[in-house]
Amino acid sequence: MVNTNRTISRREMLGALGATGVTALAGCSGGSDDTNTADGTTTGESGTGSDSVTAAWVYISEVGDLGWSHAHDEGRKAVDKKYDWLETEYTEAVAPEDSGRVFEQYAQGDADIVFGTTFNYQDPMFNIAEQYPDTYFEHATGYRTRENMGRYMGRIYQPRYLAGQAAGMVTENNTIGYVAAFPIPEVIRSINAMALGARSVNPDATFKIRWVNAWFDPQTSKQAANALIDDGCDVISQEQDSPAPVKAANEADVWASGYNAPMGEFGGDNYLISPVWNWEEVYDPTISAVRDGTWESDAFWGGMETNLPTLDEWGPEVPQEVKDTVAETEEKIVNGEIDVWAGSMFEDKSDEFLFQEMNSFVDAVDAEISE
(Lines give C-alpha, C1' and ligand atoms only; values in the text may rest on other atoms or scores of the structure.)
Protein backbone atom coordinates (compact mmCIF):
# COMPACT_ATOMS: atom_id res chain seq x y z
CA MET A 1 0.00 0.00 0.00
CA VAL A 2 1.19 3.49 -0.83
CA ASN A 3 2.42 5.70 1.99
CA THR A 4 3.69 9.23 1.47
CA ASN A 5 5.80 8.96 4.66
CA ARG A 6 5.41 12.60 5.58
CA THR A 7 2.86 14.90 7.13
CA ILE A 8 1.22 17.15 4.53
CA SER A 9 -0.07 20.39 5.95
CA ARG A 10 -3.61 21.55 5.48
CA ARG A 11 -2.21 24.62 3.70
CA GLU A 12 -0.47 22.39 1.15
CA MET A 13 -3.56 20.24 0.67
CA LEU A 14 -6.01 23.08 0.25
CA GLY A 15 -3.66 24.76 -2.19
CA ALA A 16 -3.49 21.57 -4.23
CA LEU A 17 -7.26 21.27 -4.19
CA GLY A 18 -7.79 24.90 -5.18
CA ALA A 19 -9.71 25.58 -1.95
CA THR A 20 -9.89 28.85 -0.05
CA GLY A 21 -9.78 29.70 3.61
CA VAL A 22 -6.45 28.01 4.24
CA THR A 23 -5.12 26.87 7.58
CA ALA A 24 -1.52 25.92 8.22
CA LEU A 25 -1.14 22.95 10.53
CA ALA A 26 1.99 21.49 11.97
CA GLY A 27 2.82 19.34 14.94
CA CYS A 28 2.22 18.72 18.61
CA SER A 29 3.42 16.53 21.37
CA GLY A 30 3.40 15.31 24.86
CA GLY A 31 5.30 12.18 25.79
CA SER A 32 3.16 11.53 28.83
CA ASP A 33 1.10 9.14 30.84
CA ASP A 34 -2.64 9.80 31.09
CA THR A 35 -4.27 10.74 34.38
CA ASN A 36 -7.93 11.27 35.18
CA THR A 37 -9.03 14.73 36.20
CA ALA A 38 -11.71 15.48 38.77
CA ASP A 39 -14.41 16.18 36.19
CA GLY A 40 -13.93 12.85 34.41
CA THR A 41 -11.58 14.07 31.71
CA THR A 42 -8.14 12.60 31.17
CA THR A 43 -5.02 14.71 30.94
CA GLY A 44 -1.62 13.88 29.45
CA GLU A 45 1.16 15.04 31.79
CA SER A 46 3.43 16.82 29.33
CA GLY A 47 6.18 19.32 29.82
CA THR A 48 4.92 22.86 29.20
CA GLY A 49 6.62 26.20 28.70
CA SER A 50 5.80 29.82 27.97
CA ASP A 51 4.51 28.91 24.53
CA SER A 52 2.81 25.64 25.47
CA VAL A 53 -0.50 24.48 24.00
CA THR A 54 -3.38 22.70 25.71
CA ALA A 55 -5.63 20.72 23.37
CA ALA A 56 -8.84 18.92 24.32
CA TRP A 57 -10.80 16.19 22.56
CA VAL A 58 -14.44 15.21 23.06
CA TYR A 59 -15.45 11.67 21.99
CA ILE A 60 -18.86 10.18 21.28
CA SER A 61 -17.88 6.75 22.64
CA GLU A 62 -15.26 5.16 24.84
CA VAL A 63 -11.76 5.15 23.42
CA GLY A 64 -11.50 1.41 23.96
CA ASP A 65 -14.21 0.68 21.39
CA LEU A 66 -11.61 0.01 18.66
CA GLY A 67 -13.60 2.23 16.36
CA TRP A 68 -14.01 5.90 15.54
CA SER A 69 -13.14 7.30 18.97
CA HIS A 70 -10.26 4.86 19.35
CA ALA A 71 -8.76 6.07 16.06
CA HIS A 72 -9.05 9.72 17.09
CA ASP A 73 -7.47 8.98 20.45
CA GLU A 74 -4.57 7.23 18.77
CA GLY A 75 -4.00 10.51 16.94
CA ARG A 76 -4.16 12.42 20.22
CA LYS A 77 -1.66 10.09 21.87
CA ALA A 78 0.70 10.34 18.91
CA VAL A 79 0.96 14.12 19.08
CA ASP A 80 1.01 14.08 22.87
CA LYS A 81 4.04 11.81 22.75
CA LYS A 82 5.79 13.81 20.05
CA TYR A 83 6.01 17.28 21.66
CA ASP A 84 7.10 18.35 25.12
CA TRP A 85 5.21 21.65 24.84
CA LEU A 86 1.79 20.04 24.40
CA GLU A 87 -0.72 19.04 27.06
CA THR A 88 -3.73 17.00 25.99
CA GLU A 89 -7.06 16.29 27.67
CA TYR A 90 -10.11 14.32 26.63
CA THR A 91 -13.60 13.34 27.69
CA GLU A 92 -15.10 10.15 26.32
CA ALA A 93 -18.62 8.78 25.88
CA VAL A 94 -20.22 12.24 25.61
CA ALA A 95 -23.76 12.24 24.23
CA PRO A 96 -24.47 14.99 21.67
CA GLU A 97 -26.94 16.67 24.02
CA ASP A 98 -24.20 16.93 26.66
CA SER A 99 -21.41 18.05 24.35
CA GLY A 100 -22.09 21.80 24.60
CA ARG A 101 -21.54 21.67 28.35
CA VAL A 102 -18.23 19.83 27.88
CA PHE A 103 -17.06 22.23 25.16
CA GLU A 104 -17.86 25.14 27.44
CA GLN A 105 -15.97 23.62 30.37
CA TYR A 106 -12.86 23.29 28.22
CA ALA A 107 -13.27 26.83 26.85
CA GLN A 108 -13.64 28.22 30.36
CA GLY A 109 -10.57 26.26 31.44
CA ASP A 110 -7.11 26.27 29.91
CA ALA A 111 -7.83 24.68 26.51
CA ASP A 112 -6.38 26.61 23.57
CA ILE A 113 -8.16 24.37 21.06
CA VAL A 114 -11.06 21.91 21.36
CA PHE A 115 -11.78 19.07 18.95
CA GLY A 116 -15.32 17.70 18.58
CA THR A 117 -15.11 14.36 16.87
CA THR A 118 -18.58 13.41 15.69
CA PHE A 119 -21.18 14.88 13.34
CA ASN A 120 -23.84 15.43 16.01
CA TYR A 121 -21.49 17.73 17.96
CA GLN A 122 -21.61 20.29 15.16
CA ASP A 123 -24.42 22.59 16.33
CA PRO A 124 -23.45 22.58 20.02
CA MET A 125 -19.87 23.45 19.10
CA PHE A 126 -21.02 26.13 16.66
CA ASN A 127 -23.01 27.80 19.46
CA ILE A 128 -20.25 27.57 22.08
CA ALA A 129 -17.62 28.85 19.63
CA GLU A 130 -19.57 32.08 19.26
CA GLN A 131 -19.51 32.59 23.03
CA TYR A 132 -15.76 31.95 23.37
CA PRO A 133 -14.02 33.75 20.48
CA ASP A 134 -10.58 33.42 22.09
CA THR A 135 -10.69 29.61 21.97
CA TYR A 136 -10.14 27.66 18.76
CA PHE A 137 -12.56 24.88 17.85
CA GLU A 138 -12.34 22.12 15.25
CA HIS A 139 -15.22 19.87 14.25
CA ALA A 140 -14.86 16.50 12.50
CA THR A 141 -17.21 15.57 9.62
CA GLY A 142 -19.43 18.66 9.74
CA TYR A 143 -19.95 21.62 7.42
CA ARG A 144 -20.40 24.68 9.68
CA THR A 145 -17.53 27.04 10.46
CA ARG A 146 -16.82 30.29 12.28
CA GLU A 147 -13.80 32.55 12.45
CA ASN A 148 -12.63 30.49 15.43
CA MET A 149 -14.14 27.14 14.32
CA GLY A 150 -12.77 24.99 11.50
CA ARG A 151 -13.84 21.62 10.19
CA TYR A 152 -11.89 18.56 9.10
CA MET A 153 -12.45 15.20 7.46
CA GLY A 154 -10.70 12.76 5.17
CA ARG A 155 -11.78 11.33 1.84
CA ILE A 156 -12.35 7.89 3.32
CA TYR A 157 -14.34 7.07 0.20
CA GLN A 158 -11.01 6.45 -1.55
CA PRO A 159 -9.90 3.51 0.64
CA ARG A 160 -13.57 2.45 0.69
CA TYR A 161 -13.38 2.09 -3.09
CA LEU A 162 -10.28 -0.07 -2.69
CA ALA A 163 -11.92 -2.23 -0.03
CA GLY A 164 -14.82 -2.56 -2.45
CA GLN A 165 -12.48 -3.90 -5.12
CA ALA A 166 -11.22 -6.50 -2.66
CA ALA A 167 -14.78 -7.48 -1.70
CA GLY A 168 -15.83 -7.69 -5.33
CA MET A 169 -12.98 -10.07 -6.11
CA VAL A 170 -13.49 -12.50 -3.21
CA THR A 171 -17.28 -12.74 -3.20
CA GLU A 172 -18.54 -15.99 -4.70
CA ASN A 173 -22.25 -15.20 -4.89
CA ASN A 174 -21.85 -11.48 -5.76
CA THR A 175 -23.70 -10.32 -2.64
CA ILE A 176 -21.90 -8.05 -0.17
CA GLY A 177 -23.45 -6.90 3.11
CA TYR A 178 -22.98 -3.48 4.71
CA VAL A 179 -23.85 -2.76 8.36
CA ALA A 180 -24.55 0.98 8.24
CA ALA A 181 -25.02 3.59 10.97
CA PHE A 182 -27.27 6.41 9.74
CA PRO A 183 -28.54 7.34 6.24
CA ILE A 184 -26.55 10.58 6.10
CA PRO A 185 -24.24 11.76 3.28
CA GLU A 186 -21.10 10.61 5.12
CA VAL A 187 -22.33 7.01 5.25
CA ILE A 188 -24.07 7.01 1.87
CA ARG A 189 -20.86 8.31 0.30
CA SER A 190 -18.87 5.40 1.73
CA ILE A 191 -21.41 2.80 0.63
CA ASN A 192 -21.49 4.17 -2.91
CA ALA A 193 -17.70 4.29 -3.15
CA MET A 194 -17.35 0.70 -1.96
CA ALA A 195 -20.04 -0.44 -4.39
CA LEU A 196 -18.33 1.34 -7.29
CA GLY A 197 -15.04 -0.29 -6.33
CA ALA A 198 -16.64 -3.72 -6.31
CA ARG A 199 -18.32 -3.11 -9.67
CA SER A 200 -15.01 -1.98 -11.19
CA VAL A 201 -13.70 -5.55 -10.87
CA ASN A 202 -16.98 -7.49 -10.75
CA PRO A 203 -19.90 -6.12 -12.80
CA ASP A 204 -22.30 -8.51 -11.03
CA ALA A 205 -21.50 -7.40 -7.47
CA THR A 206 -24.41 -6.06 -5.40
CA PHE A 207 -24.71 -4.57 -1.91
CA LYS A 208 -27.36 -5.15 0.72
CA ILE A 209 -27.65 -2.63 3.57
CA ARG A 210 -28.83 -2.97 7.17
CA TRP A 211 -29.34 0.30 9.05
CA VAL A 212 -28.47 0.19 12.75
CA ASN A 213 -29.22 3.87 13.49
CA ALA A 214 -26.31 4.03 15.93
CA TRP A 215 -22.58 4.53 15.65
CA PHE A 216 -21.78 2.22 18.52
CA ASP A 217 -24.13 -0.66 19.29
CA PRO A 218 -22.18 -3.94 19.18
CA GLN A 219 -25.14 -6.22 19.84
CA THR A 220 -27.38 -4.68 17.19
CA SER A 221 -24.47 -4.48 14.75
CA LYS A 222 -23.77 -8.18 15.19
CA GLN A 223 -27.44 -8.99 14.67
CA ALA A 224 -27.44 -6.91 11.50
CA ALA A 225 -24.34 -8.71 10.20
CA ASN A 226 -25.90 -12.10 10.92
CA ALA A 227 -29.11 -11.06 9.14
CA LEU A 228 -27.10 -10.07 6.07
CA ILE A 229 -25.24 -13.37 6.15
CA ASP A 230 -28.55 -15.23 6.41
CA ASP A 231 -29.68 -13.21 3.39
CA GLY A 232 -26.85 -14.57 1.28
CA CYS A 233 -24.01 -12.10 1.81
CA ASP A 234 -20.61 -13.77 1.79
CA VAL A 235 -18.66 -10.55 2.50
CA ILE A 236 -19.54 -8.22 5.40
CA SER A 237 -18.49 -4.58 5.56
CA GLN A 238 -19.43 -1.90 8.06
CA GLU A 239 -19.72 1.70 9.19
CA GLN A 240 -19.64 0.95 12.91
CA ASP A 241 -17.45 1.86 15.87
CA SER A 242 -16.88 -1.71 17.02
CA PRO A 243 -15.55 -4.93 15.48
CA ALA A 244 -18.85 -6.75 16.14
CA PRO A 245 -19.70 -7.23 12.42
CA VAL A 246 -16.17 -8.54 11.78
CA LYS A 247 -16.56 -11.01 14.63
CA ALA A 248 -19.94 -12.15 13.31
CA ALA A 249 -18.48 -12.71 9.85
CA ASN A 250 -15.59 -14.72 11.25
CA GLU A 251 -17.94 -16.90 13.25
CA ALA A 252 -19.98 -17.52 10.09
CA ASP A 253 -16.85 -18.21 8.03
CA VAL A 254 -17.37 -15.37 5.55
CA TRP A 255 -15.07 -12.52 4.54
CA ALA A 256 -15.13 -9.28 6.54
CA SER A 257 -13.94 -5.71 6.05
CA GLY A 258 -13.88 -3.46 9.13
CA TYR A 259 -13.57 0.29 9.59
CA ASN A 260 -11.79 3.01 11.59
CA ALA A 261 -9.00 0.94 13.14
CA PRO A 262 -7.22 -2.35 12.34
CA MET A 263 -9.57 -5.26 13.11
CA GLY A 264 -7.62 -8.23 11.83
CA GLU A 265 -7.44 -9.86 15.25
CA PHE A 266 -11.21 -10.27 15.21
CA GLY A 267 -11.52 -11.56 11.65
CA GLY A 268 -9.05 -14.43 11.72
CA ASP A 269 -8.52 -16.12 8.36
CA ASN A 270 -11.71 -14.46 7.11
CA TYR A 271 -10.34 -10.94 7.48
CA LEU A 272 -10.07 -8.99 4.25
CA ILE A 273 -8.96 -5.38 4.87
CA SER A 274 -10.30 -2.15 6.39
CA PRO A 275 -10.33 1.55 5.58
CA VAL A 276 -8.67 3.20 8.58
CA TRP A 277 -7.69 6.64 9.87
CA ASN A 278 -4.35 8.26 10.77
CA TRP A 279 -5.75 11.30 12.59
CA GLU A 280 -2.25 12.35 13.65
CA GLU A 281 -1.92 13.70 10.10
CA VAL A 282 -4.54 16.34 11.02
CA TYR A 283 -3.83 16.90 14.69
CA ASP A 284 -0.09 17.37 14.33
CA PRO A 285 -0.15 20.36 11.94
CA THR A 286 -3.32 21.83 13.45
CA ILE A 287 -1.96 22.09 16.97
CA SER A 288 1.40 23.37 15.72
CA ALA A 289 -0.46 26.14 13.92
CA VAL A 290 -2.03 27.13 17.25
CA ARG A 291 1.41 27.30 18.83
CA ASP A 292 2.88 29.24 15.89
CA GLY A 293 0.01 31.70 15.77
CA THR A 294 -0.92 30.68 12.21
CA TRP A 295 -4.19 28.83 12.88
CA GLU A 296 -7.09 29.88 10.64
CA SER A 297 -10.57 28.49 10.16
CA ASP A 298 -10.87 26.28 7.10
CA ALA A 299 -12.62 23.22 5.66
CA PHE A 300 -10.05 20.45 5.34
CA TRP A 301 -10.89 17.32 3.34
CA GLY A 302 -7.70 15.39 2.63
CA GLY A 303 -7.36 12.28 0.48
CA MET A 304 -5.06 9.28 0.54
CA GLU A 305 -2.15 11.44 -0.61
CA THR A 306 -2.17 12.96 2.91
CA ASN A 307 -2.02 9.51 4.57
CA LEU A 308 -5.04 10.52 6.70
CA PRO A 309 -7.45 7.98 5.18
CA THR A 310 -5.67 4.75 4.29
CA LEU A 311 -5.91 0.97 4.43
CA ASP A 312 -5.11 -1.57 7.12
CA GLU A 313 -2.82 -4.55 6.50
CA TRP A 314 -4.24 -7.47 4.55
CA GLY A 315 -5.76 -10.51 6.21
CA PRO A 316 -3.69 -13.72 6.19
CA GLU A 317 -5.66 -15.55 3.47
CA VAL A 318 -6.30 -12.77 0.94
CA PRO A 319 -5.31 -13.93 -2.56
CA GLN A 320 -2.28 -12.25 -4.10
CA GLU A 321 -4.31 -11.27 -7.16
CA VAL A 322 -6.56 -9.17 -4.93
CA LYS A 323 -3.60 -7.48 -3.26
CA ASP A 324 -1.98 -6.68 -6.60
CA THR A 325 -5.16 -5.22 -8.10
CA VAL A 326 -5.82 -3.00 -5.09
CA ALA A 327 -2.18 -1.87 -4.89
CA GLU A 328 -2.25 -0.80 -8.54
CA THR A 329 -5.49 1.13 -8.08
CA GLU A 330 -4.29 2.73 -4.85
CA GLU A 331 -1.21 4.12 -6.54
CA LYS A 332 -3.36 5.63 -9.27
CA ILE A 333 -5.73 7.20 -6.74
CA VAL A 334 -2.83 8.73 -4.79
CA ASN A 335 -1.31 10.06 -8.00
CA GLY A 336 -4.61 11.55 -9.13
CA GLU A 337 -4.97 9.21 -12.12
CA ILE A 338 -8.26 7.71 -10.90
CA ASP A 339 -11.33 9.55 -9.64
CA VAL A 340 -13.52 7.22 -7.61
CA TRP A 341 -16.67 8.84 -9.02
CA ALA A 342 -15.68 8.79 -12.71
CA GLY A 343 -18.29 7.11 -14.86
CA SER A 344 -20.91 7.15 -12.11
CA MET A 345 -23.98 9.29 -11.48
CA PHE A 346 -21.74 11.44 -9.24
CA GLU A 347 -19.09 12.23 -11.84
CA ASP A 348 -18.19 15.93 -11.91
CA LYS A 349 -20.22 16.67 -8.77
CA SER A 350 -18.76 19.39 -6.57
CA ASP A 351 -17.05 18.72 -3.26
CA GLU A 352 -19.94 20.48 -1.57
CA PHE A 353 -22.37 17.99 -3.11
CA LEU A 354 -20.21 14.98 -2.31
CA PHE A 355 -19.66 16.13 1.25
CA GLN A 356 -23.12 17.14 2.38
CA GLU A 357 -25.73 16.53 -0.32
CA MET A 358 -25.31 12.94 -1.52
CA ASN A 359 -28.57 11.18 -0.70
CA SER A 360 -29.02 8.45 -3.31
CA PHE A 361 -27.37 5.17 -4.19
CA VAL A 362 -25.63 3.81 -7.26
CA ASP A 363 -27.29 0.90 -9.05
CA ALA A 364 -25.21 -1.74 -7.27
CA VAL A 365 -26.79 -0.88 -3.89
CA ASP A 366 -30.08 -2.48 -2.82
CA ALA A 367 -31.30 0.05 -0.26
CA GLU A 368 -33.60 2.99 0.31
CA ILE A 369 -32.73 6.13 2.29
CA SER A 370 -35.97 5.78 4.26
CA GLU A 371 -34.97 2.46 5.80
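The paragraphs below lead from the overall make-up of this predicted model to its sheet, its helices and its nonpolar cores.

The protein contains 12 helices and 15 strands. Of its 371 residues, 58% are buried. Its accessible surface amounts to about 14,300 Å², and carbon and sulfur atoms account for 40% of that area. Contacts often link distant parts of the sequence: among those between residues at least 6 apart, 70% join residues at least 24 apart.

A useful place to begin is an open sheet of five strands. Its order is β11-β10-β8-β9-β15, and the pairing is parallel. Strands β11 (255-256) and β15 (365-366) form the edges, each pairing on one side only. Strands of a sheet pair through backbone hydrogen bonds, in either a parallel or an antiparallel manner. Within this sheet, β8 (residues 175-180) and β10 (residues 235-238) are joined in the parallel sense over four bridges. Tyr 178 has Ser 237 in β10 as its bridge partner.

Helices pack against these strands. Helix α8 (residues 244-251) touches β8, β10 and β11, and its direction makes about 170° with that of β10. Helix α6 lies across β8, β9 (206-211), β10 and β15, and runs at about 160° to β9.

Helix α6 also leads to the interior. In soluble globular proteins, nonpolar side chains tend to be buried together. Here the largest nonpolar core comprises 96 residues, and Phe 137, Trp 279 and Ile 287 are those with the most contacts inside it. Helix α6 (residues 185-201) supplies the largest share of this core, namely eight residues. At least three residues of the core come from each of domain 1 (53-154 + 278-306) and domain 2 (156-274 + 312-357). Another core, of 18 residues, lies apart from it and includes Ala 224, Leu 228, Ala 248 and Val 254.

Trp 279 merits a closer look. Beyond its neighbours within four places in sequence, Trp 279 is in contact with Trp 68, Ala 71, His 72, Gly 75, Tyr 152, Met 153 and Leu 308.

A further example of burial is found in helix α4 (residues 122-131), where Gln 122, Met 125, Phe 126, Ile 128 and Ala 129 are buried. The elements covering these residues of α4 include the helix α3 (96-108) and the strands β5 (113-116), β6 (136-140) and β7 (149-154).

Conventions
Residues are numbered from 1 along each chain as its sequence is written. This is a predicted model: local features need pLDDT of at least 70, side-chain atom pairs count only at pLDDT 80 or more; totals for chains, interfaces and linings use all residues. Side-chain values use heavy atoms; hydrogens and water are left out. A nonpolar core is a set of buried Ala, Val, Leu, Ile, Met, Phe, Trp, Tyr and Cys residues joined through side-chain atoms within 4.5 Å. Buried means under 20% relative accessible area, exposed over 50%, partly exposed in between (1.4 Å probe, protein chains only). Helices (H or I, at least four residues) and strands (E, at least two) are DSSP runs, numbered from the N terminus. Domain bounds come from an automatic or database domain assignment. Contact means heavy atoms within 4.5 Å. Two strands pair if DSSP finds at least two bridges between them. Axes are lines fitted to C-alpha atoms, for helices over the stretch in contact, and angles run from 0 to 180 degrees between N-to-C directions. Accessible areas come from the Shrake-Rupley method with a 1.4 Å probe; for residues, only the protein chains shown count as cover.
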